[in-house]
Amino acid sequence: MAVRFTTLLAASLLAGAAGAAQAQQKTFWITVGDAAYAQLKKAAPQAIARESRSLTAQEKVHLVEVDEQQMLKLSAAVHNELKRCGGFMMHRSEAEGLATLSPKTQNATLAPVLVRPSYALDNQSAITPLVPQLQASNIAQTITDMSAFTNRYYTTTAGVNASDWLKNKWTTMAAGRSDITVTQFTHTGYPQKSVILTINGTDNASEVVVLGAHLDSINTNGTTETTRAPGADDDASGVASLTEALRVMLAANYKPRRTIKFMGYAAEEVGLRGSQDIATWHKNNSVNVVGVMQLDMTNYKGSANDIYMYTDYTDSAQNDFVVKLIQTYQPTLTIGYDKCGYGCSDHASWTGQGYWSSMPFETSFTQDNPYIHTANDTYANMGSQADHALKFARLGLTFAMELGSDGPGTAIPDKVETFSGSLTSGQKKTFGPFKATLGTFKASTTGTGDVDLYARKTTAPTTTTYDCKSDGSTATESCSINVTANGDMYVLLNGYTASTYTLNVTYKPQTP
Ligand code: BES
Ligand code: ZN
């Protein structure tokens, strides 16, 4: 309590010293990793971390209060210096930022019900004839229309209007379908709304499939009311690809068994803010989202392969399914793999809540559209074509119609494994890998003597490198790790004195 109060006092004194205009300046709370924090300290030395917490034994996350200018400087610095974009997450308040850092809250962010789809391609007779109906010309039109807004920044009049425009477009397309609703999701702190089109499922409506793209844009030189930020590729192309998939599904009068939601997220470019609210809302309301696909940048063909599967902040089992969709419905396309190295788009918001998410992308990470976040991110600078985005529209349709056409998925039961033995003083024993999927990984011991317990994701722990440790003075120890993506889990037992142990390991297995 005292610490928090002193912090606030110091913050307001600092703001006061910088003058009245500065005191009025709206500030944001962001969490950044070590590399981005180093850049921030260079770009905006006044920004000091309020709280830092170890993510792993090697890497820390820092909670920092920044104003809008500092945030944009950070974004530019990270982009230029680290040769990548962003790398931070935005929070509405200090409390919300602290909650993100806190391991307690992380444990609370498990998927409400773990229900894996079968991923069987069992709707080919309905889907195959629809694939040729998707048209690049319609995608081109949507890209052109969205780029015509001066910008689609999350605070500007044009940014608000772009959201209203998309709501109206989707509403018009869904006319006459009483099973479809189009709503706007209102966010706190800025006027741009996200847009959500929901096709209610017929007999498995509680399981939800999400396809998303962000409707906002940014010019990283600073975006005001009159700044040009056409965002044709980033991310009118994603919205346009989804809109064309939707058009063909509606033309076929497709009625899914699962509920399908199409989303145009607000405020992605300023820290995934719209999608964070929406993914959190789904989690808090225990919505059983069984799969998420993010389309962010689909129309710039800058790499050899057609579609790149991004492997970080995504789910590998669902990614394998997406690859099967490409191989089955677009067999002439080639597939590559890459990663952003940070939560670069809205898929990361869903992954952060424990949902299964994928992001098929236009290029490898370093060969993406060089014009994004500038006035030159235009349709013309993509060669005035939408042929590349068409591949992603087809992929979106096949994802929606394969996952949308299933009955209930299978709840994943806990797997429990038990090991017993003895340890001499100082003896260490490693267990694993335990192939775990989303859920809580828990290791606990009972026995005689004094056993210390360590657990770690991906690689075996040591007594100094671990994600979790429990080292009381008896043989009764317990350690939990929130598994937010498929991973190899390891346990290390150390006999602090000569001991006997029974080790129980409980987790959601990748395969039953
Ligand atoms: N579409 C980009 C992400 C992207 C850019 C992916 C280039 C791959 C290659 C997205 O709109 C974006 O700009 N994201 C921010 C991060 C976000 C947390 C603000 C970024 O990458 O800087
Ligand atoms: Zn962007």
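This passage walks through a zinc site, a sheet, several helices and some aromatic pairs. The model is predicted, so local features need pLDDT of at least 70 and side-chain atom pairs count only at pLDDT 80 or more, while totals for chains, interfaces and linings use all residues. Residues are numbered from 1 along each chain as its sequence is written, chains are lettered from A and ligands numbered from 1 in the order in which they are written, and side-chain values use heavy atoms, with hydrogens and water left out.

A good place to begin is the zinc ion (ligand 2). Its protein donors are Asp 234 (OD), Glu 269 (OE), Glu 269 (OE) and His 373 (NE2), at 2.0 to 2.3 Å from the ion. Donors are N, O and S atoms within 2.8 Å of the metal (3.2 Å for Na, K and Ca); water is not among the atoms, so sites may look incomplete. The angles among the six donor atoms of the zinc ion (ligand 2) run from 57 to 163°, and the site is irregular. Four donors count as tetrahedral if all angles lie between 85 and 135 degrees; four count as square planar and six as octahedral if opposite donors are over 155 degrees apart and all others between 65 and 115; anything else is irregular. Along the sequence, the donor residues follow the spacing D-x34-E-x103-H. Glu 269 sits in the loop between β9 (258-265) and α11 (273-284) and His 373 in the loop between β14 (360-361) and α14 (387-403), so this pair ties together parts that are 104 residues apart in sequence. Helices (H or I, at least four residues) and strands (E, at least two) are DSSP runs, numbered from the N terminus. Glu 269 and His 373 are both buried (under 20% relative accessible area, with exposed meaning over 50% and partly exposed in between, for a 1.4 Å probe and protein chains only).

The two helices named here can be followed further. In α11, nine of the twelve residues are buried, so this helix is largely enclosed by the rest of the structure; among them are Ile 278 and His 282. After α11 comes Ser 286, with a positive phi near 50°. Helix α14 is likewise largely enclosed, because 15 of its 17 residues are buried. Another helix, α12 (residues 316-329), reaches 20 Å from its first C-alpha to its last, close to the 20 Å expected at 1.5 Å a residue; the expected span is 1.5 Å times one less than the number of residues. The buried residues of α12 include Phe 321, Leu 325 and Tyr 329.

Turning to the strands, six of them form an open sheet of mixed pairing, in the order β6-β7-β9-β8-β10-β13. Two strands pair if DSSP finds at least two bridges between them. At the edges, β6 (180-185) and β13 (357-358) each have a single partner strand, so one side of each is left without a neighbour in the sheet. Strands β10 (residues 288-294) and β13 run parallel and are joined by two bridges, with Val 292 opposite Ser 357 in β13.

Finally, the structure holds 15 aromatic pairs. Rings of Phe, Tyr and Trp (its six-membered ring) pair if their centres lie within 6.5 Å; planes under 30 degrees apart count as stacked, over 60 as edge-to-face and the rest as tilted. The ring centres of Tyr 310 and Phe 361 are 4.9 Å apart and their planes at 55°, so the pair is tilted. Tyr 310 and Phe 361 are both buried.
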